[in-house]
Amino acid sequence: MLGVGQTLPEFKVVGVKPGFNTHEENGVSAFEPITNESFEGKWKVIFFYPKDFTFVCPTEIAEFAKLGRDFADRDTVVLGGSTDNEFVKLAWRRDHADLDKLPIWSFADNGGKFARALGVLDEAEGVALRATFVVDPHNVVQHVYVTNLNVGRAPADTLRVVDALQTDELCACNRPLGGETLAA
(Lines give C-alpha, C1' and ligand atoms only; values in the text may rest on other atoms or scores of the structure.)
Protein backbone atom coordinates (compact mmCIF):
# COMPACT_ATOMS: atom_id res chain seq x y z
CA MET A 1 0.00 0.00 0.00
CA LEU A 2 1.19 3.51 -0.78
CA GLY A 3 2.35 5.14 2.43
CA VAL A 4 3.24 8.44 4.01
CA GLY A 5 6.06 10.21 2.20
CA GLN A 6 5.42 8.47 -1.11
CA THR A 7 4.28 10.29 -4.22
CA LEU A 8 1.00 9.54 -5.96
CA PRO A 9 1.62 7.45 -9.07
CA GLU A 10 0.45 8.58 -12.48
CA PHE A 11 -3.25 7.82 -12.80
CA LYS A 12 -6.32 8.75 -14.80
CA VAL A 13 -9.90 8.28 -13.61
CA VAL A 14 -13.23 9.67 -14.76
CA GLY A 15 -14.28 12.53 -12.51
CA VAL A 16 -17.91 13.41 -11.92
CA LYS A 17 -18.16 17.10 -11.18
CA PRO A 18 -19.72 18.47 -8.02
CA GLY A 19 -23.39 19.40 -8.30
CA PHE A 20 -24.20 17.30 -11.38
CA ASN A 21 -26.97 14.68 -11.41
CA THR A 22 -27.08 13.96 -15.16
CA HIS A 23 -24.37 13.41 -17.76
CA GLU A 24 -24.91 16.88 -19.22
CA GLU A 25 -26.46 19.96 -17.69
CA ASN A 26 -26.88 23.29 -19.49
CA GLY A 27 -24.58 22.07 -22.25
CA VAL A 28 -21.78 21.18 -19.83
CA SER A 29 -20.54 17.62 -19.35
CA ALA A 30 -20.63 16.14 -15.86
CA PHE A 31 -17.46 14.23 -16.64
CA GLU A 32 -13.84 15.34 -16.59
CA PRO A 33 -10.65 13.30 -16.51
CA ILE A 34 -8.81 13.50 -13.20
CA THR A 35 -5.10 12.75 -13.14
CA ASN A 36 -2.20 13.14 -10.74
CA GLU A 37 -1.72 16.59 -12.32
CA SER A 38 -5.27 17.80 -11.60
CA PHE A 39 -5.93 20.41 -8.91
CA GLU A 40 -2.45 21.90 -9.03
CA GLY A 41 -1.39 23.61 -5.82
CA LYS A 42 -4.24 22.08 -3.81
CA TRP A 43 -4.31 19.56 -1.01
CA LYS A 44 -6.39 16.50 -1.88
CA VAL A 45 -8.43 14.08 0.18
CA ILE A 46 -8.87 10.98 -1.95
CA PHE A 47 -11.22 8.45 -0.44
CA PHE A 48 -12.28 5.10 -1.78
CA TYR A 49 -15.39 3.17 -0.86
CA PRO A 50 -16.37 -0.35 -1.99
CA LYS A 51 -19.54 0.06 -4.06
CA ASP A 52 -22.23 2.48 -5.11
CA PHE A 53 -25.84 1.69 -4.11
CA THR A 54 -24.79 0.22 -0.76
CA PHE A 55 -25.52 1.02 2.87
CA VAL A 56 -22.43 2.33 4.68
CA CYS A 57 -20.92 4.19 1.72
CA PRO A 58 -23.53 6.96 1.36
CA THR A 59 -23.20 7.83 5.04
CA GLU A 60 -19.50 8.55 4.52
CA ILE A 61 -19.95 10.37 1.21
CA ALA A 62 -22.69 12.59 2.63
CA GLU A 63 -20.56 13.41 5.65
CA PHE A 64 -17.54 14.35 3.50
CA ALA A 65 -19.92 16.52 1.46
CA LYS A 66 -21.25 18.28 4.58
CA LEU A 67 -17.65 19.21 5.40
CA GLY A 68 -16.90 20.30 1.83
CA ARG A 69 -16.73 24.02 2.65
CA ASP A 70 -14.44 23.34 5.63
CA PHE A 71 -12.09 21.39 3.36
CA ALA A 72 -12.29 24.14 0.71
CA ASP A 73 -11.39 26.72 3.39
CA ARG A 74 -8.20 24.69 3.80
CA ASP A 75 -7.47 24.73 0.06
CA THR A 76 -8.37 21.05 -0.13
CA VAL A 77 -10.30 19.21 -2.86
CA VAL A 78 -12.31 16.15 -1.78
CA LEU A 79 -12.56 13.26 -4.25
CA GLY A 80 -14.50 10.11 -3.44
CA GLY A 81 -14.75 7.06 -5.65
CA SER A 82 -15.14 3.37 -6.22
CA THR A 83 -14.60 0.89 -9.02
CA ASP A 84 -18.14 1.51 -10.29
CA ASN A 85 -18.45 3.58 -13.47
CA GLU A 86 -19.35 7.25 -13.79
CA PHE A 87 -22.93 6.60 -14.95
CA VAL A 88 -23.64 4.58 -11.81
CA LYS A 89 -22.42 7.51 -9.72
CA LEU A 90 -24.85 9.87 -11.41
CA ALA A 91 -27.71 7.39 -11.03
CA TRP A 92 -26.92 7.02 -7.33
CA ARG A 93 -26.94 10.80 -6.91
CA ARG A 94 -30.43 10.90 -8.43
CA ASP A 95 -31.62 7.93 -6.37
CA HIS A 96 -30.29 8.79 -2.89
CA ALA A 97 -31.52 11.99 -1.20
CA ASP A 98 -28.26 12.48 0.72
CA LEU A 99 -26.26 12.41 -2.55
CA ASP A 100 -28.53 14.66 -4.62
CA LYS A 101 -26.46 17.43 -6.30
CA LEU A 102 -23.41 16.13 -4.38
CA PRO A 103 -21.14 19.14 -3.79
CA ILE A 104 -17.87 17.18 -3.95
CA TRP A 105 -16.09 15.31 -6.74
CA SER A 106 -16.83 11.65 -7.39
CA PHE A 107 -14.58 9.47 -9.46
CA ALA A 108 -14.94 6.22 -11.35
CA ASP A 109 -11.93 3.94 -11.06
CA ASN A 110 -13.02 1.67 -13.90
CA GLY A 111 -11.18 -1.63 -13.61
CA GLY A 112 -9.71 -0.68 -10.23
CA LYS A 113 -6.40 0.49 -11.71
CA PHE A 114 -6.03 3.46 -9.36
CA ALA A 115 -7.01 1.46 -6.25
CA ARG A 116 -4.58 -1.27 -7.30
CA ALA A 117 -1.77 1.27 -7.82
CA LEU A 118 -2.37 2.60 -4.30
CA GLY A 119 -2.54 -0.92 -2.88
CA VAL A 120 -6.13 -0.72 -1.63
CA LEU A 121 -7.95 -3.00 -4.07
CA ASP A 122 -9.45 -6.07 -2.42
CA GLU A 123 -8.66 -8.45 -5.28
CA ALA A 124 -10.93 -11.21 -3.95
CA GLU A 125 -13.97 -8.90 -3.85
CA GLY A 126 -12.93 -6.72 -6.80
CA VAL A 127 -13.61 -3.52 -4.84
CA ALA A 128 -11.58 -0.88 -3.05
CA LEU A 129 -11.16 -0.97 0.69
CA ARG A 130 -12.35 2.06 2.67
CA ALA A 131 -9.12 4.00 2.20
CA THR A 132 -8.44 7.69 2.70
CA PHE A 133 -5.32 9.45 1.47
CA VAL A 134 -4.45 13.03 2.41
CA VAL A 135 -2.11 14.34 -0.27
CA ASP A 136 -0.23 17.65 -0.17
CA PRO A 137 0.06 20.09 -3.10
CA HIS A 138 3.23 18.30 -4.26
CA ASN A 139 1.31 14.99 -4.55
CA VAL A 140 3.10 13.52 -1.53
CA VAL A 141 0.97 11.34 0.74
CA GLN A 142 0.82 12.83 4.24
CA HIS A 143 -1.80 10.58 5.84
CA VAL A 144 -3.34 7.17 5.11
CA TYR A 145 -6.33 5.58 6.80
CA VAL A 146 -7.75 2.22 5.75
CA THR A 147 -10.49 0.12 7.25
CA ASN A 148 -12.25 -3.06 6.21
CA LEU A 149 -15.31 -3.11 3.97
CA ASN A 150 -17.93 -3.12 6.73
CA VAL A 151 -16.70 -0.23 8.91
CA GLY A 152 -17.26 3.41 7.97
CA ARG A 153 -14.79 6.18 8.72
CA ALA A 154 -15.23 9.57 10.41
CA PRO A 155 -14.73 12.35 7.81
CA ALA A 156 -14.51 14.97 10.58
CA ASP A 157 -11.30 13.32 11.72
CA THR A 158 -9.89 13.59 8.19
CA LEU A 159 -10.64 17.32 8.33
CA ARG A 160 -8.89 17.50 11.72
CA VAL A 161 -5.83 15.76 10.24
CA VAL A 162 -5.72 18.10 7.21
CA ASP A 163 -5.98 21.10 9.52
CA ALA A 164 -3.14 19.77 11.70
CA LEU A 165 -0.89 18.84 8.77
CA GLN A 166 -1.25 22.31 7.31
CA THR A 167 0.18 23.88 10.48
CA ASP A 168 3.51 22.16 9.77
CA GLU A 169 3.89 22.10 13.56
CA LEU A 170 3.66 19.49 16.30
CA CYS A 171 0.01 18.71 17.09
CA ALA A 172 -1.27 16.78 20.08
CA CYS A 173 -3.81 13.99 19.76
CA ASN A 174 -7.39 15.22 19.56
CA ARG A 175 -6.22 18.74 18.66
CA PRO A 176 -9.40 20.58 17.64
CA LEU A 177 -9.65 22.47 14.35
CA GLY A 178 -7.54 25.61 14.61
CA GLY A 179 -6.28 24.51 18.00
CA GLU A 180 -2.93 25.25 19.57
CA THR A 181 0.22 23.49 18.45
CA LEU A 182 2.92 22.14 20.74
CA ALA A 183 6.23 23.83 21.47
CA ALA A 184 9.21 21.49 21.15
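Here are some notes on this predicted model, going from the sheet to the helices and then the cores.

1. Start with the sheet. Seven strands make up an open sheet with mixed pairing, and the order across it is β4-β1-β7-β6-β5-β10-β11. β4 (31–35) and β11 sit at the edges with a single partner strand each, so one side of each has no neighbour in the sheet. Averaged over the sheet and ignoring direction, neighbouring strands are turned by 25° against each other.

2. Next, one pair inside that order. β5 and β10 run antiparallel and are joined by 4 bridges. If you want a spot to click on, F47 has T132 in β10 as its bridge partner. On the helix side, α1 packs on the sheet and touches β5, β6 and β10, with its direction at about 165° to that of β5.

3. Then there's α3 (residues 86–95). This helix lies across β1 (12–16), β4, β6 and β7. Relative to β7, α3 runs at about 140°.

4. Helix α5 (residues 155–165) deserves a look too. Its buried residues are P155, T158, L159, V161, V162, D163 and A164. What do they pack against? The partners are the strands β5 (43–48), β6 (76–82), β10 (130–135) and β11 (141–147), plus the helices α1 (57–66) and α2 (68–73). As background, residues three or four places apart on an α-helix point the same way, because there are 3.6 residues a turn.

5. One α5 residue I'd zoom in on is D163. Is D163 buried or exposed? It counts as buried because its relative accessibility is 11%, and the cut-off for buried is under 20%. The D163 side chain makes a polar contact with the side chain of R175, at 2.8 Å. Setting aside neighbours within four places in sequence, D163 is in contact with R74, R175, P176, L177 and G178.

6. Now the nonpolar cores. The largest has 21 residues, and the members touching the most other members are I46, F48, F114, L118 and F133. Elements giving two or more residues to this core are β5, β6, β7 (105–108), α4 (113–118) and β10. There's also a second, separate core of 18 residues, with I61, F71, V78 and L102 among them. In soluble globular proteins, nonpolar side chains do tend to be buried together.

7. Last, L118, one of those well-connected members of the largest core. Which residues is L118 in contact with, leaving aside neighbours within four places in sequence? The list is M1, L2, L8, P9, F48 and F133. Of these, F48 and F133 also appear among the residues touching the most other core members.

Notes
Residues numbered from 1 in each chain as written. Predicted model: local features only at pLDDT ≥ 70, side-chain atom pairs only at ≥ 80, totals over all residues. Heavy atoms only, no water. Buried < 20%, exposed > 50% of the residue type's maximum accessible area, 1.4 Å probe, protein only. Contact = heavy atoms within 4.5 Å. Core = buried A, V, L, I, M, F, W, Y, C linked by side-chain atoms within 4.5 Å. Polar contact = N/O pair within 3.5 Å; in protein donor to acceptor, adjacent residues only side chain to side chain. Pairing = 2+ DSSP bridges. Axes fitted to C-alpha atoms, helices over the stretch in contact; angles between N-to-C directions.
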